[in-house]
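Trainee: I should like to request a close look at a single part of this model. Please examine one helix in detail, together with the partners against which it packs.

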Amino acid sequence: MFLQPTLAVEVILPFRAVLVLDLMGLFFLLWILNLVRHGRLYVGYGVIFIAAILGTMVTLSVPQLLLGVTHLVGAIFPASALTLLALGFIVLMLLYVLSQLTLVSNRLAVLIQELAIERSRDSARAARRHND
């Protein structure tokens, strides 16, 4: 049932379109590398984006691979398959970023509590010294 052939249309992207998309991918790769190099993008996010961009560039550049992905997701047109994969990538990145944000938020809450306890102890010590 899952591996039945679909009605996927074999569409070969024009060379110019593949060239433009690959150049865009190359621009994004260089931009991401520059952001990571300057510390403006976390390395883990950079690796994820680089893998996604390279995978997309390879998929777009190899017509058989693009048709295979189209068949795999059960789409009729390659653009629909790529849109579905992009949506899946966005959802995965959203979950990953929100989980990282939750970890940072929890660490910050613990740190603030420890800082409040330490300041309370310091003010209590200062009050005792002042009374003595």
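Mentor: The following account takes helix α2 as its subject and then turns to its surroundings.

The model is a predicted one, and its confidence values deserve a word beforehand. The mean pLDDT of the protein is 89, and 92% of the residues reach 70 or more. Among the elements, α1 has the highest mean pLDDT, at 95, while helix α3, spanning residues 63-73, has the lowest, at 89. As a general caution, predicted coordinates should not be read in detail where pLDDT is low.

Helix α2 may be considered through its packing against α1. The two helices pack at an angle of about 170°, and their axes lie 10 Å apart. Because angles over 145 degrees count as roughly antiparallel, α1 is roughly antiparallel to α2. On the α1 side the contact is made by Val18, Leu21, Asp22, Gly25, Leu26, Phe28, Leu29, Ile32, Leu33 and Val36. On the α2 side the contributing residues are Val43, Gly46, Phe49, Ile50, Ile53, Leu54, Met57, Leu60 and Ser61.

Individual residues give this contact more definition. Val18 belongs to helix α1 and is in contact with Leu13, Leu60 and Ser61, if residues up to four places away in sequence are not counted. The C-alpha atoms of Val18 and Leu60 are 6.6 Å apart in space, although 42 residues separate the pair in sequence. Val18 has a relative accessibility of 13%, and it is therefore classed as buried, the limit being under 20%.

Ile32 of α1 also takes part in the contact between the two helices. With neighbours within four places in sequence left aside, Ile32 touches Leu41, Gly46, Phe49, Ile50 and Ile53. One of these partners, Ile50, is found in helix α2. Under the same exclusion of sequence neighbours, Ile50 is in contact with Leu29, Ile32 and Leu33. The relative accessibility of Ile50 is 22%, so this residue counts as partly exposed, a class that lies between 20% and 50%. The C-alpha atoms of Ile50 and Gln64 are separated by 22 Å, the two residues being 14 apart along the chain.

The largest nonpolar core comprises 7 residues: Leu29, Ile32, Leu35, Leu41, Tyr45, Ile53 and Met57. The elements that supply two or more residues to this core are α1 (15-37) and α2 (43-61).

Helix α2 packs against α4 as well, at an angle of about 175° and with the axes 12 Å apart. This angle makes α2 roughly antiparallel to α4. From α2, Tyr45, Ile48, Phe49, Ala52, Thr59 and Leu60 meet α4 residues Leu82, Phe89, Met93, Tyr96, Val97 and Gln100. Phe49 is listed in the contact with α1 and also in the contact with α4.

Thr59 merits separate attention. This residue lies in helix α2 and, beyond its neighbours within four places in sequence, is in contact with Leu65, Leu66, Val69 and Leu82. Thr59 is buried, because its relative accessible area of 12% is under 20%.

The partner helix α4, residues 78-131, also contains both members of a salt bridge, Arg125 and Asp122. The closest N and O atoms of this pair are 3.0 Å apart. The two residues are 3 apart in sequence, about one turn of the helix. Arg125 is partly exposed, with a relative accessible area of 38%, and Asp122 is likewise partly exposed, at 37%. The count for the model comes to 1 salt bridge.

In summary, helix α2 packs roughly antiparallel to α1 and roughly antiparallel to α4.

Conventions: Residues numbered from 1 in each chain as written. Predicted model: local features only at pLDDT ≥ 70, side-chain atom pairs only at ≥ 80, totals over all residues. Heavy atoms only, no water. Salt bridge = Lys/Arg side-chain N within 4 Å of Asp/Glu carboxyl O. Helix = DSSP H or I, 4+ residues; strand = E, 2+ residues; numbered from the N terminus. Buried < 20%, exposed > 50% of the residue type's maximum accessible area, 1.4 Å probe, protein only. Core = buried A, V, L, I, M, F, W, Y, C linked by side-chain atoms within 4.5 Å. Contact = heavy atoms within 4.5 Å. pLDDT = per-residue confidence, 0-100. Axes fitted to C-alpha atoms, helices over the stretch in contact; angles between N-to-C directions. Parallel < 35°, antiparallel > 145°, perpendicular 65-115°, else oblique.
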